[in-house]
Amino acid sequence: MQLDGKIALITGGGSGIGRATAVLFANHGAKLAIADINPAGGQETVEMVAEQGGEAFFVQTDVSQATQVENMVNEVVERYGRLDIAFNNAGIEGHPVRTVDVSETDFDQIMAVNVKGVWLCMKYQIPQMVALGGGTIVNASSVAGLVGTHSMPVYGASKHAVIGLTKSAALEYARKGIRINAICPSVIRTKMVERGFAEFPQFVEATKRINPMRRLGEPHEVAEAVLWLCSDAASFVNGTALAVDGGFTSQ
Ligand SMILES: NC(=O)c1ccc[n+]([C@@H]2O[C@H](COP(=O)([O-])OP(=O)(O)OC[C@H]3O[C@@H](n4cnc5c(N)ncnc54)[C@H](O)[C@@H]3O)[C@@H](O)[C@H]2O)c1
């Protein structure tokens, strides 16, 4: 599963799953572009990659803004000359509330980052990969994109939409040598989840109990699956939504 000589772009690379994937990719030979709305987190990831002997640069990007996404992709190509791999991972969760209590502002924000952001990323990444004659993209969905999630209706809708975008794009570009897949983690120990647990500590044990493996996932366990999907080892895997969930959605 080596990525020697490959150029990889990771959005939301300043924290959690994106950061773990950046470090793993670098350890497997890729050169990295780390995009994030948060410069402190993004720079920290760049330093972590450098400490391991890898190469990365940071590009501040809000993935919900078309001009910023276009600039992000252009910067990668200007810096490294190509784009082989993209992990469109940036996402937000919103506050846990039932369907009737979601505000219009929250609906629009979650959709703008999680759905429009993934679409914009692919819109500007795919032409670069077509020009190269191939590439691979992984989009961050969730188990919330496979089954219903209580009190996170818009997050769930956004992650279902990511799978829809992924499958359509995978069909459209299969003959151009581009593989496009989605990853569907269950609850993974990251800042996103720590925020939720800080507000609702009673959910920590409950979350472990409802998983067949009776624990949370770790960011590196998702990163390993993303690495596989992006590597030649997964050369015939296209348009899939891969659960990394300890068996949660098999129940
Ligand atoms: N942690 C989980 O349990 C879990 C489970 C399933 C899916 N996911 C998905 O995995 C992805 C990563 O989640 P995480 O748990 O690592 O979260 P995280 O909050 O630790 O990291 C998300 C990163 O995305 C960045 N980001 C947020 N909005 C952005 C924007 N508009 N533009 C660019 N960057 C932005 C944040 O600054 C942060 O660095 C998300 O899409 C999330 O929905 C997470």
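Ser151 sits in the loop between β5 and α5, the helix of residues 153-173. This is a predicted model, so please hear everything that follows as a description of a prediction. The phi angle of Ser151 is near 65°, a positive value in a residue other than glycine. Ser151 counts as partly exposed, because 15 other C-beta atoms lie within 10 Å.

Arg214 also belongs here. Its phi is near 55°, again positive in a residue other than glycine. Arg214 is in the loop between α7, residues 203-209, and α8. With 10 other C-beta atoms within 10 Å, Arg214 is exposed.

Now the sheet. What is the order of its strands? Reading across, we have β3-β2-β1-β4-β5-β6-β7, an open sheet of 7 strands with parallel pairing. β3, residues 56-60, and β7 are the edge strands, each pairing on one side only. From one strand to the next, the twist averages 20°. Helix α2 packs on this sheet, where it touches β2, residues 31-36, and β3. The direction of α2 makes about 170° with that of β3.

Let me take β1, residues 7-11, in more detail. Towards β4, 4 bridges join the two strands, which run parallel. Ile10 has Phe87 as its bridge partner in β4, and Ala8 has Ile85. Towards β2, there are 5 bridges, and that pair runs parallel too. In β2, the bridge partner of Ala8 is Leu32. So for Ala8 we can name a partner on β4, Ile85, and one on β2, Leu32.

Is β1 enclosed or open to the outside? All told, 5 of the 5 residues of β1 are buried, so the strand is largely enclosed by the rest of the structure. Both of its faces are covered. Ile7, Leu9 and Thr11 are buried on one side, and Ala8 and Ile10 are buried on the other. The connection from β1 onwards goes through α1 to β2, and these three elements make a right-handed β-α-β unit.

Over to β6. This strand is mostly covered, with 8 of its 8 residues buried. Ile178, Ile180, Ala182 and Cys184 point one way from the strand. Arg179, Asn181, Ile183 and Pro185 point the other way, and they are buried as well. Note that Arg179 and Asn181 are on that list of buried residues.

As for the neighbours of β6, 6 bridges join it to β5, and the two strands run parallel. Val138 has Asn181 as its bridge partner in β6. Between β6 and β7 there are 4 bridges, also in a parallel pair. Pro185 stands opposite Val244 in β7. β5, α5 and β6 form a right-handed β-α-β unit. Ser151, where I started, is in the loop leading from β5 to α5, so that loop belongs to the connection in this unit.

Next, helix α8, residues 219-230. It has 12 residues and reaches 17 Å from its first C-alpha to its last, close to the 16 Å expected at 1.5 Å a residue. Which residues of α8 are buried? They are Pro219, Val222, Ala223, Val226, Leu227, Leu229 and Cys230. Seen down the helix axis, the buried residues fall within an arc of 160°, so they line one face of α8. The general background is that an α-helix has 3.6 residues a turn, so residues three or four places apart point the same way. What covers the buried residues of α8? The covering elements include α1 (16-27), β4 (85-88), β5 (135-140), β6 (178-185) and β7 (241-244).

Last, one residue in α2. Gly42 lies in this helix, residues 39-51. Gly42 counts as buried, because it has 29 C-beta neighbours inside 10 Å, and the cut-off for buried is 20 or more. Which residues is Gly42 in contact with, leaving aside neighbours within four places in sequence? Those contacts are Gly13, Gly14, Ile34, Asp36, Phe58 and Gln60. Ile34 and Asp36 fall in β2, and Phe58 and Gln60 fall in β3, the two strands that α2 touches. For a distance across the model, Gly42 and Glu199 are 157 residues apart along the chain, and their C-alpha atoms are separated by 25 Å.

Note on methods
Residues are numbered from 1 along each chain as its sequence is written. This is a predicted model: local features need pLDDT of at least 70, side-chain atom pairs count only at pLDDT 80 or more; totals for chains, interfaces and linings use all residues. The expected span of a helix is 1.5 Å times one less than its number of residues. A residue is buried if 20 or more other C-beta atoms lie within 10 Å of its own, exposed if 12 or fewer, and partly exposed in between; C-beta atoms are placed from the backbone. The arc is that of the directions from the helix axis to the C-beta atoms. Two residues are in contact if their C-beta atoms, placed from the backbone, lie within 7 Å. Two strands pair if DSSP finds at least two bridges between them. Axes are lines fitted to C-alpha atoms, for helices over the stretch in contact, and angles run from 0 to 180 degrees between N-to-C directions. A crossover is right-handed if, with the strands pointing away from the viewer, the path from the first strand over the helix to the second runs clockwise.
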